[in-house]
Amino acid sequence: MKPLNQLINDAALSTEEFQEIRTAVIKPIYSDLAGRQLIPVRKVSEGRQEYGWDTQSDNGSAEVIAKATNFPAMSVNKVRTLKFIMKHGVSFNIAKEDLLSSRMYGDALDTNLASAASQLTQNKENTTIIQGNTLFGVNGLYTGAGKTEAGSDWGTNDPTVDIRDAMATVGSTYKMDTLVLHNDQFLQLFRRTSGTDRTYKEIIEAMNLRIVVDRDISAGTGLLMQTGNNISELIVAEELDVENEYVLKNQSYIFNVSLRSLPAIYQANAICTLTGI
C-alpha cells in the first residue's frame, strides 16, 4: 500500500475518482431537450462511421385481384442517403489542486465542469436533431421538414386555426401527433378562448396532440409532426461518455466528453414547420 503522502501527490486518478467524474457526465438528463423525445433511437455498432437509408417516394397501390391471377408489384422509387455519424463533444478540466484537496480532506471532488461538459454535449446533439448541421450536410427535423404553413401571431390570434391548416397541408397520409414549440409560443397557449373557460392548450391536447417545448425551436416558429421509427430515427454509434484516457497539462486533468449520433429523416412530408406564429 502506498504511503499517505505518496497517495495524496500521485498524479494518476484512482478508479473511484474517475468513476465519480464519469457519473457527473453520464447522469444528467436535461428536460428542455426535446430531440430524443421526438425521434426513436436506433443503436448501431460503435465502429460505424456512416449510415445510409432509402427514402421511399412512391409505393404504388394495391388492387382488387381476381382468383388465379398475379398480384400487382409495388412501384417503389428509392432515394439513397448516406451521411457521416457526427461526433458531438467538448473537453473539460479538473484542477490538480481540487484533486489533492479531495484526497487530503476527504471532500467530494468538484465535478461541476464535468456536468457542464455533459450539458453542452447534449445541447449540441439536440441542436443537430432539430436544426441539422450545415457543415456536414445533415438535416434536422425543422430544416428537413417537407411541408410548411405560414401562421399568425399566437399572442392575439387563435393557434388552433394554424394547426388545422397545417394538418390540411400535410394531408391524410400522416397522422399528426406532436406539436413542438418555443417556450414563448407555449406560454401563449394558456390564454383562454373567447366565450369559453378553456385554454388553447386544453383544446390542442383534446385534438390528440402532445405539446413539447424545445430550446432549439426559434421564437415564432414550431413543428407539427408524426413521430415513430418509420418517420425518423436517431442513429447512435456511441452514447454520452467520457474517454478513459486523460491528459495532465498545466496542473489540470483534461477530459473529453462526446457522443456520436445522426438524425435520419425517412418521411419528410410527415413533418410541417409553422412560421410567423
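**Exercise 1. Check the length of helix α2 (residues 15-26) against the expected span, and work out which way its buried residues face.**

Start with the length. At 1.5 Å a residue, twelve residues should span 16 Å, and the end C-alpha atoms are indeed 16 Å apart, so the two values agree. (The expected span is 1.5 Å times one less than the number of residues; helices are DSSP runs of H or I with at least four residues, strands are E runs with at least two, and both are numbered from the N terminus.)

Quick note on ground rules: this is a predicted model, where local features need pLDDT of at least 70, side-chain atom pairs count only at pLDDT 80 or more, and totals for chains, interfaces and linings use all residues. Residues are numbered from 1 along each chain as its sequence is written, and side-chain values use heavy atoms, with hydrogens and water left out.

Next, list the buried residues of α2: Glu 17, Phe 18, Ile 21, Ala 24 and Val 25. (Buried is under 20% relative accessible area, exposed over 50%, partly exposed in between, with a 1.4 Å probe and protein chains only.) They cover an arc of only 120° around the axis, which puts them on the same side of α2; the arc is taken from the directions from the helix axis to the C-beta atoms. An α-helix has 3.6 residues a turn, so residues three or four places apart point the same way.

Now flip over: on the other side of α2, Thr 15 and Glu 16 are exposed. Finally, the cover over the buried residues of α2 includes β4 (86-95), α4 (96-105) and β11 (252-265).

**Exercise 2. Place Thr 193 and decide whether it is buried or exposed.**

First, locate it: Thr 193 sits in the loop between α7 (183-188) and α8 (200-206). Then apply the cut-off: its relative accessibility is 10%, so Thr 193 counts as buried. Leaving aside neighbours within four places in sequence, Thr 193 is in contact (heavy atoms within 4.5 Å) with Arg 198, Thr 199, Tyr 200 and Ile 203.

**Exercise 3. Lay out the five-stranded sheet and find its edges.**

Begin with the order: β5-β12-β8-β6-β7, an open sheet with mixed pairing. (Two strands pair if DSSP finds at least two bridges between them.) β5 (147-150) and β7 (210-213) each have a single partner strand, so one side of each is left without a neighbour in the sheet.

Then zoom in on one pair: β6 (residues 178-181) and β7 run parallel, joined by four bridges. Val 180 has Val 212 as its bridge partner in β7.
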